[in-house]
Structure formats: structure tokens, C-alpha cells
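Please open the model in your viewer and keep the sequence at hand, so that each selection below can be followed from one stop to the next.

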Amino acid sequence: MLCPCGSTLSFNACCQVFITQKQPPCTAEQLMRSRFSAYAIKDGQYIFNTYGAAQQLNQSVGEIQSWADECLWLALVIHESEKNTVEFSAYYIVDNTLCELREKSNFNLEQGLWRYIDGDITEHNEIAKIKRNETCPCNNYATAWSAKKDKKFKHCCGK
Ligand SMILES: [Zn+2]
Ligand SMILES: [Zn+2]
């Protein structure tokens, strides 16, 4: 399986080592990518664990989990990556609607580990309603990890 973060590496050579806590991410971008991958594989606990300590007080694993479960996480595009910030677009499908969430996220090191603090959402759009017989929209994203070439939505991500 390809890593959901769009690195083109296999999952077990990329974000899986972070999600299974074999090793910690070395950069904010690695943490950001692994959080997207955790959404994609619906690991709410990892997403919770990688919030900053103060932010964890306002989160619940259950809420994170239901948001992760509700959506099909198609693709991640990184626009800009600096030491403590990453700007990205996450593409996902919910209720047969393709959506883009663009965010500039802030990260900090806490006790030597990268943590997600917060972010400014600059776009949150519905791109299109997807019909079951259309070519699956994952084909439009070079970084889509689930793409099955030219399959219809109902035979690909809409299954
Ligand atoms: Zn990855
Ligand atoms: Zn698809």
C-alpha cells in the first residue's frame, strides 16, 4: 500500500513508523504528513496524541475518530513547509462530495517531540458532487494514494 501522505513511498517505509511509534517525526512536515495518513487509515488515537498538551484538553479521541471515519481522505498536497509551519491542502470525500481543506498549520516541539498546535484554514470548499458512474476524482490528484487508474467512482473510492 502506498503511503496516504503522497510521498510515493510505501506506507511501511513512510508514515507507518511514526503512527506505530517506532520513531518520532524529525520535522513538522513529517508530523503533518503522518497526521494526514492517520486520518486516512482512521487512527484517531494518533491524531489525538500528536496535538500539543494544551490542545489535547479541548479534544476528544471520539470526536476526532468520527470525523476521520466520516471522510474518505483522498490526497495531500504540501504547498509550503518551514520549520514550524506547514501549508497544505487535504482533499477528501464526504457524502459523495469532493472537498478541499487548505490550512496553514503551526507546530511546536514539546519535550523534543513535534506537536500540532493549531492552524488557519484559508479555504474550505466543496469542489464537486461525484456521480457514481464518473471517473473517480482520485485520478485527478497525483498524490492520491488510493487511485485505481480510470476506475469509476463506484468501483474505486466510492465503494
Ligand atoms: Zn507518508
Ligand atoms: Zn478513487
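Which residues does alanine 38 touch, not counting residues up to four places away in sequence? Select alanine 38 in this predicted model, and with that exclusion in force you will find contacts to Ile19, Asp43, Tyr46 and Ile47. The residue belongs to helix 2, which spans residues 28–40, and alanine 38 counts as buried because its relative accessible area is 0%, where buried means under 20%. Add glutamine 16 to the selection: its C-alpha atom is separated from that of alanine 38 by 8.6 Å, although the two residues stand 22 residues apart along the chain.

Move next to the surface, where Asp69, Glu70, Asp95 and Glu126 gather in a patch of negative charge. Within this group, glutamate 70 sits in helix 5, residues 61–70, and is classed as exposed because its relative accessibility of 53% lies over the 50% cut-off.

Staying with the patch, select aspartate 95, which is found in the loop that links strand 2 (85–94) to strand 3 (97–110). Its relative accessible area is 64%, so aspartate 95 is exposed, and its backbone deserves a look, since phi is near 50°, a positive value in a residue other than glycine.

For the last stop, select glutamine 111, placed in the loop between strand 3 and strand 4 (113–129). Here too phi is positive, at about 50°, although the residue is not a glycine, and with a relative accessible area of 83% glutamine 111 is exposed.

Technical notes:
Residues are numbered from 1 along each chain as its sequence is written. Chains are lettered from A and ligands numbered from 1 in the order in which they are written. This is a predicted model: local features need pLDDT of at least 70, side-chain atom pairs count only at pLDDT 80 or more; totals for chains, interfaces and linings use all residues. Side-chain values use heavy atoms; hydrogens and water are left out. Patches are made of residues with over 30% relative accessible area and no salt bridge: like charges are joined within 9 Å, nonpolar side chains (Val, Leu, Ile, Met, Phe, Trp, Tyr) within 5 Å. Accessible areas come from the Shrake-Rupley method with a 1.4 Å probe; for residues, only the protein chains shown count as cover. A salt bridge is a side-chain nitrogen of Lys or Arg within 4 Å of a carboxyl oxygen of Asp or Glu. Lys and Arg count as positive and Asp and Glu as negative; His and the chain ends are not counted. The place of a charge is taken as NZ of Lys, CZ of Arg, CG of Asp or CD of Glu. Helices (H or I, at least four residues) and strands (E, at least two) are DSSP runs, numbered from the N terminus. Buried means under 20% relative accessible area, exposed over 50%, partly exposed in between (1.4 Å probe, protein chains only). Contact means heavy atoms within 4.5 Å.
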